[in-house]
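Reader: I'd like a close look at one part of this protein, the place where the ligand sits. Could you walk me through what surrounds the ligand and what lies beyond that?

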Amino acid sequence: KVLLASICVAYLAVKWTSPRFDAESLKGARVLVTGASTGIGEQMAYHYARFGAQIVITARREKVLQQVAEKCLSLGAQKALYVAADMASESEPAQVVDFALEKLGGLDYLVLNHIGPSPFSMWTGDVDHIRWLMNVNFFSYIQMAWRGLAALEQSRGSLVIVSSLLGKMSSPFVAPYTSTKFALNGFFGSLQHELAMNKSNVSLSICTLGLIDTDSAMEKVKGVTNIPAYPSSDAALNIIITGATRQLDLFYPWFTYVVAASKDMFPSVTNFIIQNSYTYSP
Ligand code: NDP
């Protein structure tokens, strides 16, 4: 109890001392959001639009992107452009960054958020799927980050990585997905140190999300768990604020911080809770 209370106090102390968000700072900001045709990425596009940003959005489905971009313009975006790309490709991730740099004349925010579809089930030996998912969920992130880094350095910009509690804690039914998120956390955690040691202008935020009520997530967990899901629009706004205030990390909802911090202290209890959070009979 004392340990848990200390973790909560530590979390609140970090929150109280974090810088205030100035919505005006996003007016005219040049932003690239990936995975923006649906879910949290789509909601981020709408928030940036309301703040008057200049946005480039990307995903695979061009028609859907076009509709999202039109809505962004109607919400107040200074610019809303889209480019269809497949993040499993070797060349397209870098081309998307080049497109944004050319159309926006630089970049203030690079928000990497996309994920490829992956089954919610026990692993049955499909290594090719994991290899493919690594390309989409991990390798494309590091390619895009590298391609955008010089422009972000110039603009004193922010790189925002959307990750998951499943990048810090393993859980059943998501072995391929959780692997890619652990890889992201490891890589970008290392990059955070290197940017700081190089006194870089670029801020790098890693966002740890719990269950969010996007269609794809809800479809997967339907009938399998009663874990509460949090609203995608609120998650999206919290990610944007984290990037704009140049914080190292976000834990959303707040208790993901407690779960992540306590899992190594109480492994048996945590494993018991995880394994009993799902309806499953072999
Ligand atoms: P969605 O499944 O709703 O959206 C995924 C996005 O990625 C879509 O825009 C999709 O568009 C795009 N995408 C899929 N495959 C590719 C591909 N090969 N190339 C390019 N784009 C692709 O995801 P969420 O909004 O639920 O999740 C967003 C982020 O939040 C992810 O990083 C996820 O890990 C994280 N997160 C989500 C949680 C949740 O419960 N929802 C929990 C924890 C973290 P298209 O099909 O048009 O390509």
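Author: Sure, bearing in mind that this is a predicted model. The ligand has 31 residues around it, and Ser 37, Arg 60, Arg 61, Tyr 177 and Thr 214 are the closest. By type, that shell splits into 15 nonpolar, 12 polar and 4 charged residues.

Now for some individual atoms. Thr 214 has a polar side-chain atom 2.7 Å from an oxygen atom of the ligand. Thr 38 also places a polar side-chain atom by a ligand oxygen, at 3.3 Å. With Ile 115 it's the backbone instead: an N or O atom there lies 3.5 Å from a nitrogen atom of the ligand. As for cover, the ligand on its own would expose 900 Å², and the protein buries 93% of that.

Which elements build the shell? Those that give two or more residues are α2 (39–50), α5 (127–155), β5 (158–164), α6 (175–197) and α7 (215–221). The largest share, 3 residues, is from β5.

On to the nonpolar packing. The largest nonpolar core has 36 residues, and Met 44, Tyr 48, Cys 72 and Ile 239 are the ones touching the most other members. Here α2 supplies the largest share, with 6 residues, and α2 is also one of the elements in the ligand shell. Take Ile 239 as an example: setting aside neighbours within four places in sequence, Ile 239 contacts Ile 40, Met 44, Val 160, Val 162, Cys 207, Leu 209 and Leu 250. Apart from this core there's another one, of 31 residues, including Val 56, Val 97, Phe 188 and Leu 204. In soluble globular proteins, nonpolar side chains do tend to be buried together.

Technical notes: Residues numbered from 1 in each chain as written. Predicted model: local features only at pLDDT ≥ 70, side-chain atom pairs only at ≥ 80, totals over all residues. Heavy atoms only, no water. Near = heavy atom within 4 Å. Polar contact = N/O pair within 3.5 Å; in protein donor to acceptor, adjacent residues only side chain to side chain. Areas by Shrake-Rupley, 256 points an atom, 1.4 Å probe, with all protein chains shown as cover. Helix = DSSP H or I, 4+ residues; strand = E, 2+ residues; numbered from the N terminus. Nonpolar A, V, L, I, M, F, W, Y, C, P; charged D, E, K, R; others polar. Core = buried A, V, L, I, M, F, W, Y, C linked by side-chain atoms within 4.5 Å. Buried < 20%, exposed > 50% of the residue type's maximum accessible area, 1.4 Å probe, protein only. Contact = heavy atoms within 4.5 Å.
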